[in-house]
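Colleague: I would like a close look at one part of this model. Take me through the helices of the first chain, then work outward from there.

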Amino acid sequence: MDRQMIKNLNGFLKISLLVLFTFVVSCTDLTENINNEITPENFFQTDEEIISALGDAYSPLTSYGSHGGQTALAEVTSDEIVITQKGADWGDGGIWIRLHRQKFTPSEDEINNAWNNFFSGIANTNRLIFQFKNAVESSANISQEEIDPFIAELRGLRAFYYYLVLDNFGNAPIVTSFEQDITETEQPSPDLKEGRQKLFNFVESELLDVLDLLNTDVDATIGRVNKWVVHMTLAKLYLNAEVYTKTSRWGDVVTHTNAIIDSQNYELMDNYADNFTVNNTGSPEHIFTIPFDEVFRTGFGLPAQTMHLSSQPAFNFGFQPNNGVQTMTDFYESYIDPEQNPGPQGEVIGLDPQGSTISGTVDDRLDNFLVGPLLDLEGNQISDPGASSSDPNGPPITHTPYINELEPDGWRQAGARIAKYEMEIGLSSNNMNNDMIIFRYADVLMMKAEALWRLNGSDPEALELVNRIRERANVEPFNTLDADKILAERGREFFYEMMRRQDLIRFEGKTGKTRFNDAWWEKGTSEPFRNVFPIPQNQLEANPNLKQNPGY
Amino acid sequence: MLCAVSAMAQQTIRGTITDASTSETLPGVNILVKGTSTGASTDANGAFELTVESLQDTLVASYIGYQTQEVPINGQTGIDIELNPESIMGEEMVVVGYGTQEREQITSSISSVASEDFTSGAVNNPTELIQGKVPGLIVSTPGANPNESPTLRLRGISSFGNNEPLIVVDGIIGASMDNIDPNDIKSIDVMKDASAAAIYGTRGGAGVIAITTKKGQAGQTKVSYKGDISLMGVENKIDVLSADQFRQLSKTTGIEIEDLGANTDWFDEITQTSYTQIHNLSISGGTESTTYRFSGNFRDNQGLLKHTGFQQKGGRMNINHYALDDKLVLTLNLSATSHNQDVGIDNAFRQAVTFNPTAPVKSEGFKNTGGYTELSGYQFFNPVAILETSKNVREFRDINAAVKADYNFYDLVPGLTASGFYSLQTFDASHNVFYARTSKFGGGASPSSLGRGHAERQTDKSSTEQFDMTLNYSTQALENLGVEVLTGYSYVSSEYEGTTVGGGDFVSDETGFNNLEFIQDFNKGLGDISSYKNDDRIIAGFGRINLDWNNTYYLNGTIRREGSTRFGENNKWGTFWSTGAGVELMNILEVDFINQIKLRASYGVTGQNAPSDGISKLRLGPTGYFFSGGDFIQSFGPVSNPNPNLKWEETKEYNLGVDFALFDERLTGTVEYYQKNTDDLILEMEVPVPPNLYPTSQLNVGEIQSKGVEVALAYDVIRSTDGIWNTGFTFSTFNILLKQFESDVPRYLANVGSPGQNNTQMVRIRENEPLGQIWGPRFAKISDDGTWRFHGSEGGLITRGEVSREDEAVIGNGIPDFELGWSNSVRYRNWDMSMFVRAVYGHDLVNSARVFFENPINISTYNVTTTALDLTQLKSNSAYSSFHVEDATYLRLQNLALGYNVPMPEQSFVSNLKFTFSGRNLFTLTDYGGMDPSVRWTDGGNPLAIGIERRNQWYSGRSFSFTVNIDF
């Protein structure tokens, strides 16, 4: 190389160094800014932030308000509620038909949704317990004494979610630490029976552990886990202990229902329907509720789920309903049939395709349903020009308890509609203001009654308790109790309160192993393995440790 | 020793170097004695002085932008050299990352289209200019929605996220195509393979489209005007029953209909023949130290759908200034565009199919719905009412500014140039929507009551700053070896923010979305308000080396080290690199009829940035409200899972190509084969909730492999002074495989939709299967009882209720086998003609309109397509199956243009006058029965759901344009 070339290269190198220098001093900082959300390092600085964070543990409960998840699992699989396929509507790949006929598979979205709801509740409680403990260590503002009640509340809530997992899926991983590795999450046993027993033991011991650490003030804890919610969950656990573990625990049911009764915090409301009004917050009968609200805690979507496509003018709704969930005809009959439900006789809507008025028992709890002609606010019958020509009622809409068929062409107006929660006139979006009930006092009485009856078939207090419920509904008291009567009374009282599947499984069946397995309209006898749901396919794929429940 | 000997014979040579066309002196020209590294450069006056060993040597004069010239000394001591500008010699320069390169030297896959080959007529988007002209690039514009940008796919799919190529406009990386008027574009270069795109690092994964705008030239001021008037009509629509056919079908089938007495053609009611005008005026010129070009554009475009269209005004300014003896070149580019769009509501198309044809548009008793007839039924809306009781408008402005300074160190180090580049892109948009209280569609009205109405205002703005520094050194290192080295640093910082406010319940519709105080929802705590802000940065250092041996052997290499804020803590930085080699065989061999055969091979690694900000971190956000102590308080919870290992998607691609020219360059062409593998694809995956906090995580899963063959041929059929005829073909094949996924469990995407088929999916993706698979039940027949029968997995026929996943199968593929383009351009004296035909072969589409709307039993509720007349035996509900998947192979006469250049006298004030008459989408040959057989690359933004035509598809349009070009 000659001088010129070297000179050139020299110059190039010098200038390169200059550029390199600029490059080095230039910005190479790649710290990411998060502007829209908060990162955990910047949270839990104040009491308000702690309480605000707590809310996230409860938010998975809002899924109770949709027609999927818990409603699909507890109600659509039962003899209370059905979603017929109405021509082009509600086919949805056949899921509602499969749930009704109990032919569900591990791939059903709604089963996976329910699993995800329960476990996001569990994950959130675990995360908050972890974060609260850290906050005490790292912050001078928060003391251990302040944080302990919150942690007890979270453990109680976590046990409640696990009670739902136990009831629906039987055998699922017990996760109590936020930092647990996925490879460590497995069911307590590969065997359903053994795993379910261990899960039961876990729920029981957690609930008993936190019982005396929790708040007892009912008014300050609306919608939150207090001592009475824990007693109630324990009572439910023991009520179904025989299903879960093969060992009955009726005496423990009595103990924990008594604890609630003796506290004198709760009482039956005079009027059944008052429990379900738009402004039902703080009813003395409510034990555990989801305080829904049109603005703040949205998601209680019953109106769109159940009301007719053309029902907007009936309630001046600001949205068009979807015409989905309906009441099973035979279930409706259990209210008006004087044999099953003795009481004052009067005019009720009958079971024929026209929905004619007949004579039957007038139970106050018929308010649970919307049947008969659908009227607008001025009292004119609303019309549906698109009504099926085979429908004898034609375009004027009449909701009949009669349902013509499950699929494919269920009439649009067939089936009693669910009007248990008061429909608010002028509701602007499909988000009710009514609080949705998880536990209420009537169930305390009914559970105690059942437990006493199970221990002694002629226990007089059992009969008295059931009759208190019947009395409030203004129907005649029973003279004796039997399994059919107790189950039917629970049905009438707790319709659409997300407990029908559990109740059916607890009673011995006629054609099947349990009442849940029995045949009913458009459903054959199902195998006993249907009494727990399959572990969802998505979960099996995501976590290879999981074992599918037998039969699926 | 040699030096000592030769020194004795040294001679000094002096001379001046000038521009051959303008005779201006050229400073900074590099002069070398051929075969040595002895050299000099010209001074400010273009003069040079050089010592040579022998007066029999040859001088080599080279200068950027000029053709390199060899001049034998031939014993003289005074030599003046004239250099020819490169463009005059026809040397093709290709835009590569951060610079240009001669076409000869390119070893990667870059296709270039110059303005003379652009699609003519009313073109609104720059990519339409090159639709079908670049093998491997599919530009898909289904339907004639004037406010929808085309979908671009370069060599198929290389990401689960963004698959749109990176757009670079005059050096601005990631520029918006909305801010360039097609008339201002000089050329478009498409960097197709990873080797070409690697210099753009994490943003080059889907390829790069580099757009170069027109510049001014020194000399006389030139004024050009182009005006264009177009008319567009519906090319294709869905045929539905007329009111009479509707009544007739009711009679023959006995199915009751709701006969409201009128005869309404809803398509006619919602469409119009649209009228579009485009005007472009440009002024360019300059002096030897400053050149400029200014242009202004105006377009007023009506849509086929009534009440839709847009107005656009834009301006662009390019200024180049030469200073300090031309050592310093300053460039300024400014562009601004303002768009006002009437977006309309696509759902009108869907409703026009189904709305009862016996219903009058308006009738008595519908005061609450604005007089428009509205029927009961879920999601049925009067199509005219949808459009006329609502407003959906979008306005946005793009402003880009870029400055560049190039400094040529010819006096210190010949061949060395340093550049600094800064650009600022700003974007402001507002999107406003209003539904009147009389609107059933969005305002909640029903015949019995007024609705609540809805008004919404959304504003978005973003800005991006880019700063690049580059250093370029080119030299003839050895007699036969040319070396070009580039190093650089790049910094890009972006910010995005926006606000949305909306609600309903007004007393009066009068103020629309202008005064949100009319929204009573806010007073009740209802209504929606949200806002966001995001920012991210990309920082990179890069380098490139090009070696050229004797203009015969070429070797290229690039490297880029890049970091992005969007990746996880452990993976902020990545390295992307490429290499390529080429050989020009005709410099080695001698074959009479072959002018050029260049073989080239390249390999490169590019990336794809993460789809959005913050996705590698655990973030907490509002999760609703929580009732505590008698009051609702906002609750917070995780909205993401942390993934500190999240990294870029990485594409590795090799490309083999041959460029050739035969028969005196009459036949030229390129054949290429590529294979690219993208792995670490980022997808939001469902994860188990214990131990995760949030049910989905952004994970690096999966690998996609694409391969294909691309051919481009051009042949001069006639070459004479009176006329020419050139014909060209492009051909590309596609083969896209999902090579790896998180497991081999299949996933199903793309729900058929409401009503009734919300949990029925149409697309399956699975490891080791091709992408684009349309999935579903296999239709067998309609049985005697009028219900569907499908093929079961075990051979028999099964009913709809019996179909399970095992019975379903692949029933189509949405990705074409190949695409073919055929262009012709003919010039005879003052006339010219061009024609462009495009064919796409082998893809299928789900015809969603048929899935839902060809069922005769539905006439009880709504209207159906005419295909229902052949299906009168059907008595069962609509059910998606292979029955609705159609072959969408098509051939389309996309463009036909005839132009006449009016002869102008020599001294005329007008130097050039040309009239052009052109048509677009003149006809389409296809068996597809839906609206538009174009490939559907995305479904609602999901790049994995390919091949679905939805019910609210716009019709395709056919347009005729008249264009005038005048140059002064």
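Modeller: What follows starts with chain A as a whole, goes into its helices, and then moves out to chain B.

This is a predicted model. Chain A holds 18 helices and 10 strands. Its C-alpha trace spans about 115 × 60 × 45 Å along the principal axes. Of the 552 residues in chain A, 53% are buried. Take the contacts in chain A between residues at least 6 apart in sequence: 64% of them join residues at least 24 apart.

Start with helix H3 of chain A, residues 69–76. This helix is mostly covered, with 8 of its 8 residues buried. They are A:Gly69, A:Gln70, A:Thr71, A:Ala72, A:Leu73, A:Ala74, A:Glu75 and A:Val76. What lies over them? The cover of H3(A) includes strand S1 (81–82), helix H4 (95–100), H5, H6 and helix H17 (500–506) of chain A.

H6 leads to the next piece. Helix H6 (residues 144–168) of chain A crosses helix H7 (residues 192–210) of chain A. Their axes come within 9 Å, and the crossing angle is roughly 155°. Angles over 145 degrees count as roughly antiparallel, so H6(A) is roughly antiparallel to H7(A). The crossing of H6(A) and H7(A) is left-handed. Look at the residues that meet there. H6(A) brings A:Ala152, A:Arg155, A:Gly156, A:Ala159, A:Tyr162, A:Tyr163 and A:Leu166. H7(A) brings A:Arg196, A:Leu199, A:Phe200, A:Phe202, A:Val203, A:Glu206, A:Leu207 and A:Val210. By class, this contact of H6(A) with H7(A) has 11 nonpolar, 1 polar and 3 charged residues. A:Arg155 and A:Tyr162 are among those on the H6(A) side, and A:Glu206 is one of those on the H7(A) side.

Now one residue in a strand of the same chain. A:Ile290 is found in strand S2 (residues 286–290) of chain A. Is A:Ile290 buried or exposed? A residue counts as buried if 20 or more other C-beta atoms lie within 10 Å of its own. A:Ile290 has 21 of them within 10 Å, so A:Ile290 is buried. Which residues does A:Ile290 touch, leaving aside those up to four places away in sequence? A:Leu61, A:Thr62, A:Tyr64 and A:Gly65 are among them. So are A:Gly223, A:Asp435, A:Met436 and A:Ile438. A:Gly55 is 235 residues from A:Ile290 along the chain. Yet the C-alpha atoms of A:Gly55 and A:Ile290 are separated by 12 Å.

Next, the side of chain A that touches chain B. How many residues are in contact? 90 residues of chain A are in contact with 87 residues of chain B. Several helices of chain A each supply at least two residues of that side: H1 (3–25), H2 (47–58), H5 (109–138), H12 (312–315) and H18 (537–542). H1(A) gives the largest share, 10 residues. The residues on the chain A side divide into 36 nonpolar, 38 polar and 16 charged. H5 of chain A thus appears twice: on the side that touches chain B, and in the cover of H3(A).

Cross over to chain B and its sheets. One is an open sheet of 3 strands with the order S4-S1-S7 and mixed pairing. Strand S4 (47–52) and strand S7 (81–83) of chain B are its edge strands, and each pairs on one side only. Neighbouring strands of this sheet are turned by 35° against each other on average, direction ignored. Strand S1 of chain B, residues 11–19, pairs with S7(B) in the parallel sense over 3 bridges. There, B:Thr18 has B:Glu82 in S7(B) as its bridge partner. S1(B) pairs with S4(B) in the antiparallel sense over 6 bridges. B:Thr16 stands opposite B:Ala47 in S4(B).

The side chains along S4(B) alternate. B:Phe48, B:Leu50 and B:Val52 point to one face and are buried. B:Ala47, B:Glu49 and B:Thr51 point to the other face and are not buried. In a regular strand, side chains alternate between the two faces of the sheet.

Another open sheet in chain B has 3 strands in the order S50-S49-S53, again with mixed pairing. Its edge strands are S50 (885–887) and S53 (948–949) of chain B. Strand S49 (residues 844–847) of chain B pairs with S50(B) in the antiparallel sense over 3 bridges. B:Asp844 has B:Asp887 in S50(B) as its bridge partner.

Technical notes:
Residues numbered from 1 in each chain as written. Chains lettered and ligands numbered in written order. Predicted model: local features only at pLDDT ≥ 70, side-chain atom pairs only at ≥ 80, totals over all residues. Pairing = 2+ DSSP bridges. Helix = DSSP H or I, 4+ residues; strand = E, 2+ residues; numbered from the N terminus. Axes fitted to C-alpha atoms, helices over the stretch in contact; angles between N-to-C directions. Contact = placed C-beta atoms within 7 Å. Nonpolar A, V, L, I, M, F, W, Y, C, P; charged D, E, K, R; others polar. Parallel < 35°, antiparallel > 145°, perpendicular 65-115°, else oblique. Left-handed = near helix turned anticlockwise from the far one by under 90°. Buried ≥ 20, exposed ≤ 12 C-beta atoms within 10 Å, placed from the backbone.
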